[in-house]
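Biologist: I would like a close look at one part of this model. Please go step by step, and explain each term as you use it.

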Amino acid sequence: MATVTFDQITRVYPKSSTPAVDRLSLEINDGEFLVLVGPSGCGKTTSLRMLAGLEHVDEGTIWIDDRDVVKLAPRDRDIAMVFQNYALYPHMNVAQNMGFALRLAKVAKREIEQRVLDAAKILDLQDYLDRKPRQLSGGQRQRVAMGRAIVREPRVFLMDEPLSNLDAKLRVATRAEIAALQQRLGVTTVYVTHDQVEAMTMGDRVAVMKDGVLQQCDTPRVLYDDPVNAFVAGFIGSPPMNLVQGVVTEDGVRVGTASLAATHGLRAQPGHQLTVGLRPESLELGGADGGIPAIVSLVEELGAEAFVHAKIDGDEAATGLTSAAVIARVEPRLAPAKGERIRLRPKPGAMLFFDAATGERIRTAARVPDRR
């Protein structure tokens, strides 16, 4: 096991003036499962490949424990990588695929057999050791790729979107298996995904990236409850946080045609344009005279819950605020009908505020509780 430290690393690809990764600094603790997440092109895979030695580092250093590995060859970094496409040799059976790296390292045959068998037991692959990859399902192939990494007994696991080729049901099952396996082995793991649900359910901490820049790194709960900017707020959560236009008033904030009282001090001057963040579960159906007027455009019935998609009434002529689409999670028995006019009332203390121009969080006087 090992700690991993990215110290101001930068990667600029040839013929590009914009860094793919821009001064990334991040420390990953010994035995931690850290997930790099963000939209396509945000720099997460490039960061992983720089750690693996598969991508050049233009500036900065990468440390594994107290050793700078930037100039080391991939084989000398004591890491094992699980790729998106499994990268299994089709002419080899499962046992041969899992033990291939050990044979290259000239490990004794008996030791290879024992390590492969031990890994196969962990991954429930004992009955498949003689099969070729074409005879396996997608989930089984992924477990073989995991086994190939495990037998090397590396100090760091690197995983680059390993579940992206699996169907939805199998992804859910396999992500639970990977998280449990990592906890059992205790190996420091860096995992890349574009799926924020995957990130939130697997990572001890999650690092959110955008345009090559680290936005926030914290536990899933803190990212959800206390995002530092509108990008993190809108990216983390399913359904995502509602981000709507607002303007500060003397006694609160105006959203659409509704004036909402701020239950804690908003540090902004009246007339200031901002973005109001509201989680779907923080909106409830209001009475005839309370809340934000909206018209229902769609209701998603999911059995235990219902998601109401609605469009907020805007009053652009009077306030400069246009209409906006929002999602509210409600009790299914209380769900309104499509086309119905409703009012959505934010729960006390549920509103988050962001600067309309920069997207940065506007803090309120009330302290957000630390739930780490």
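Modeller: We start with the largest pocket, go on to two helices that supply part of its lining, and end with a cavity.

This is a predicted model: local features need pLDDT of at least 70, side-chain atom pairs count only at pLDDT 80 or more, and totals for chains, interfaces and linings use all residues. Residues are numbered from 1 along each chain as its sequence is written, and side-chain values use heavy atoms, without hydrogens or water.

The largest pocket has a volume of about 610 Å³. (A pocket is an open set of points on a 1 Å grid over the protein atoms alone, with protein on both sides within 12 Å along at least five of seven lines. Points join across faces, edges and corners, and volume is the space filled by probe spheres set on them.)

Which residues lie closest to the centre of the largest pocket? They are Ile79, Ala80, Met81, Ala101 and Arg152. In total, 22 residues line this pocket (each has an atom within 4 Å of a point). Of the lining, 18 residues are nonpolar and four are charged. None is polar. (Asp, Glu, Lys and Arg count as charged; Ala, Val, Leu, Ile, Met, Phe, Trp, Tyr, Cys and Pro as nonpolar; the others, Gly among them, as polar.)

Where does the lining come from? Strand β6 (79-82) and helices α2 (94-104) and α4 (138-150) each supply at least two residues. (These are DSSP runs numbered from the N terminus: H or I of at least four residues, or E of at least two.) The largest share is from α2, with four residues.

Now take α2 and α4 together. They pack at about 35 degrees, and their axes are 7 Å apart (lines fitted to C-alpha atoms over the stretch in contact, with angles from 0 to 180 degrees between N-to-C directions). The crossing of α2 and α4 is right-handed (the near helix is turned clockwise from the far one by less than a right angle). On α2, the contact is made by Val94, Asn97 and Met98. On α4, Val144, Gly147 and Arg148 take part. (Contact means heavy atoms within 4.5 Å.) This contact has three nonpolar, two polar and one charged residues.

Finally, the structure holds one cavity of 30 Å³ or more (a set of points where a 1.4 Å probe fits but cannot get out). The largest cavity encloses about 30 Å³. Leu278, Leu283, Ile292, Ile312, Val326 and Leu344 line this cavity. Its lining is six nonpolar residues, with no polar and no charged ones.
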